[in-house]
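Biologist: I am new to this model. Could you take me through it one question at a time?

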Amino acid sequence: MKLMSHLVERSRMLDDIACADDFGDMPDLEKRILAILSLFETNRKSGNADEYVFPDSRRIRPTLVGIKSFLREGAAIDIEKMRASTEQLLRRKLVAKKSDCYFLSDSGKRVGKIFRIERMSKGYDNLLSRTGNSKAYSLFCEHVFGKDLSQFNVLDMEQLDTLIEKLELKPSEVALDLGCGNGRIAEYISDLTGAKMVGLDFAAEVIKNAQQQTVDKKDRLTYVPGDMNELSFKEGSFDAIISIDTLYFVESIDATIRRLKKLLKPPNGRLAIFYDQTCDPDESRDILLPENTKVGVALSSNGLAYETVDYTTNSKDIWIREIKAAEELKELFVKEDNADIYEDRVQDAKRTLEKIEDGRHVRYFYLAKLKK
Ligand SMILES: C[S@@+](CC[C@H](N)C(=O)[O-])C[C@H]1O[C@@H](n2cnc3c(N)ncnc32)[C@H](O)[C@@H]1O
């Protein structure tokens, strides 16, 4: 999921943060165009040729205008400048053009992915280090979730308690928190259960900070930087794997679950996932049934048995609390120079509430187990 809509979140990341200059003298606008085209690739193709459907239901074609809509200062960018950049990318054979749409070539896909991941991880580094150090955000978490664990999700203490209760972690066990953010949830789980936790996230600075903050618990807590799409742990490393609002960001949910299953230790390995799914107004609501969501389908196709808990109604209350708390804390957010966090929370909550009211948005907890 997202506390900001995926689109807003991703476009800001793509846009705001300079990426390392690995590709020599390639101008920044060209890198950004490649990253944006890579973002298109990670979204669903609609029935209409060339059109992509984004998580907030927007349908966009990868034309110059479509690409421009992902640049934060898009309106101010001269379309001719963008045209010149795409011409360069065409010349470098990183991009191909079909009528007025642009697509990545195979080499463009590789390079575009690097820029996309790099920009997104730096974006999260920036955002999560700000939420982690913000008094307003700490109070926001207390009001909304019942405790400040620097949550960047829709997980209140009721949901977290369910997760802990159902996982039944023992002190002898090791669990992975995939996309752990600031790592405070992993720390909380370890403090309660005594289990060893490994937190993985691609926000490298945030991970470094989490390790420093918990140095006195380093026998139980390890934080590692890494990409969820390229997990390099040994097979059978974990008794449990937790994914709280992170599977929206992987390239393939099916491939990720296949990999996670391999990382689980037989025979009792378990996988706990919190996941939201939205459907378009014209789509059948059947895809929102727990067994039909992307996660439900991927668990089944990978031979994992699972149980689910429907948290849609509970999450509706959380979103309502988010708006109230954000409004109450607005002044403090602004004073801290974190007005964008306040705005994103309110906007995202309003958008999601509308979809929940319309029966187009669900939130589930999945607990999957290796079959004995
Ligand atoms: C919505 S936040 C959830 C954070 C945390 N699980 C929580 O519940 O508070 C998504 C997290 O996934 C991380 N993330 C996104 N894409 C990733 C990737 N490809 N590899 C590793 N981490 C990723 C982000 O840095 C962020 O911490």
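The questions below go from the ligand to a sheet and then to the backbone.

Modeller: This is a predicted model, in which local features need pLDDT of at least 70 and side-chain atom pairs count only at pLDDT 80 or more, while totals for chains, interfaces and linings use all residues. Residues are numbered from 1 along each chain as its sequence is written, and side-chain values use heavy atoms, with hydrogens and water left out.

Biologist: How many residues surround the ligand?

Modeller: A residue is near the ligand if one of its heavy atoms lies within 4 Å of it. The closest are Phe152, Asn153, Gly179, Asp201 and Met228. The number of residues around the ligand is 18.

Biologist: How many residues of that shell are charged?

Modeller: Asp, Glu, Lys and Arg count as charged; Ala, Val, Leu, Ile, Met, Phe, Trp, Tyr, Cys and Pro as nonpolar; the others, Gly among them, as polar. Eight residues of the shell are nonpolar and seven are polar. The charged ones number three.

Biologist: Which residue has a side-chain N or O atom 2.6 Å from an oxygen atom of the ligand?

Modeller: Polar contacts here are pairs of N or O atoms within 3.5 Å. Phe152 uses a backbone N or O atom, 2.7 Å from an oxygen atom of the ligand. Ile244 also uses a backbone N or O atom, but its partner is a nitrogen atom of the ligand, 3.0 Å away. The side-chain atom at 2.6 Å from a ligand oxygen belongs to Asp201.

Biologist: How much of the ligand's accessible area does the protein cover?

Modeller: On its own, the ligand has 590 Å² of accessible area, by the Shrake-Rupley method with a 1.4 Å probe. The part covered by the protein is 99%.

Biologist: In the open sheet of three strands, which are the edge strands?

Modeller: Strands are DSSP runs (E, at least two residues), and two of them pair if DSSP finds at least two bridges between them. The order is 1-2-3, with antiparallel pairing. Pairing on one side only marks the edge strands: strand 1 (44–45) and strand 3 (59–60).

Biologist: Which residue of strand 3 is the bridge partner of Tyr52?

Modeller: Strand 2 (residues 52–53) and strand 3 run antiparallel and are joined by two bridges. In strand 3, Tyr52 has as its bridge partner Ile60.

Biologist: Which two residues does a cis peptide bond join?

Modeller: Most peptide bonds are trans. Here one bond has omega of about 0°, and Pro267 lies in the loop between helix 10 (253–263; helices are H or I runs of at least four residues) and strand 10 (270–278). The cis bond joins Pro266 and Pro267.

Biologist: What is the phi of Ser99?

Modeller: Most residues other than glycine have a negative phi. Ser99 sits in the loop between strand 4 (95–98) and strand 5 (101–104). Although Ser99 is not a glycine, its phi is positive, at about 45°.

Note on methods: A polar contact is a pair of N or O atoms within 3.5 Å; within protein, one must be able to donate a hydrogen and the other to accept it, and residues adjacent in sequence count only if both atoms are side-chain atoms.
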